[in-house]
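Got the model open in your viewer? Here is a short tour, with something to select at each stop.

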Amino acid sequence: MEPIEMAKKAAAWKAVDLHVKDNFIVGVGSGSTAVYAMERLASRVKEEGLKILCVPTSFQSRQIIKQLGLTLTDLEEYPQLDVAIDGADEVDHNLTLIKGGGGCLTQEKIVASCAEDFVIIADHRKDSKHLGQNWTKGIPIEVIPMAYVPVQRRLEKLGGIPVLRMAKAKAGPVVTDNGNFILDWKFSVIQDWESLNQTIKMITGVVETGLFVGMAKKVYFGQEDGSVVEREIPK
């Protein structure tokens, strides 16, 4: 296994082992690191006989939950979760996150907001002193398709450059699971992220931002040697 994949797996396994118990309802994240978490959930269910219900954050995680034989449910049936475990594109020293590199930010944030504990799993490359240090693709912002140009213009007034995310395997823009577009807003200076998040969300046509402020309670950073560094919200 490649060192980075080993790091992702180590973080995911530790989080699942420490934060998931029998009869838990678990929010399951999206992306490559979250896949390791789902695999560990499946192995614990098989080995320990745990009864776990899983709420997905994307079509991808829904499909993997089914493939692994885990029990699938949703927020309509269980609006309160015990824990949500998900990855991140970047984490700063205050545990403020940038998420949405894979385009699932809105569903990820909804699921995280319903969880008693929101736990992040990531490899060491996602660990930054401040946002933008390692993740340079910008903050993902999900927008209603008809509004993307007006939203772009309003974002430009805040500074930075909002770019419509284009698909790689098809012509045209990326379309989210919700049928929307994504603008990647490339900011130039460190911000008051909580205030900025609220400002962007108030722009008509914006569905959600990839800024997760004050939501994560703990982060597990996997290292290339298989060890894991833990970080909690500064007190």
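Start with helix 5 (helices are DSSP runs of H or I with at least four residues, strands are E runs of at least two, both numbered from the N terminus), and show R153 and K157: these exposed residues sit on the face turned away from the helix's buried side. Exposed means over 50% relative accessible area, buried under 20%, and partly exposed in between, with a 1.4 Å probe and protein chains only. This is a predicted model, where local features need pLDDT of at least 70, side-chain atom pairs count only at pLDDT 80 or more, and totals for chains, interfaces and linings use all residues. Residues are numbered from 1 along each chain as its sequence is written, and side-chain values use heavy atoms, with hydrogens and water left out.

Now flip to the buried residues of helix 5 (residues 148-157): V151, Q152 and L155. They lie on the same side of the helix because their arc around the axis is only 105 degrees, taken from the directions from the helix axis to the C-beta atoms. Their cover includes strands 8, 9, 10 and 11 plus helix 6. Just past helix 5, click G159, which has a positive phi near 100 degrees.

Next, select the strands. You get an open, antiparallel sheet of four, in the order 9-10-8-11, where pairing takes at least two DSSP bridges between two strands. Strand 9 (161-164) and strand 11 (206-209) are at the edges with a single partner strand each, so one side of each has no neighbour in the sheet. Neighbouring strands are turned by 30 degrees on average, direction ignored; axes are lines fitted to C-alpha atoms, for helices over the stretch in contact, and angles run from 0 to 180 degrees between N-to-C directions.

Add helix 6 (residues 193-201), which packs on the sheet and touches strand 8, strand 10 and strand 11, contact being heavy atoms within 4.5 Å. Its direction makes about 160 degrees with that of strand 11.

Zoom in on strand 8 (residues 139-143), which pairs with strand 10 (residues 181-186) over five antiparallel bridges. Pick E142 to find its bridge partner I182 in strand 10. Towards strand 11 there are three bridges, again antiparallel, and I141 stands opposite T209. Which residues of strand 8 are buried on each side? I139, I141 and V143 are on one side, P140 and E142 on the other.
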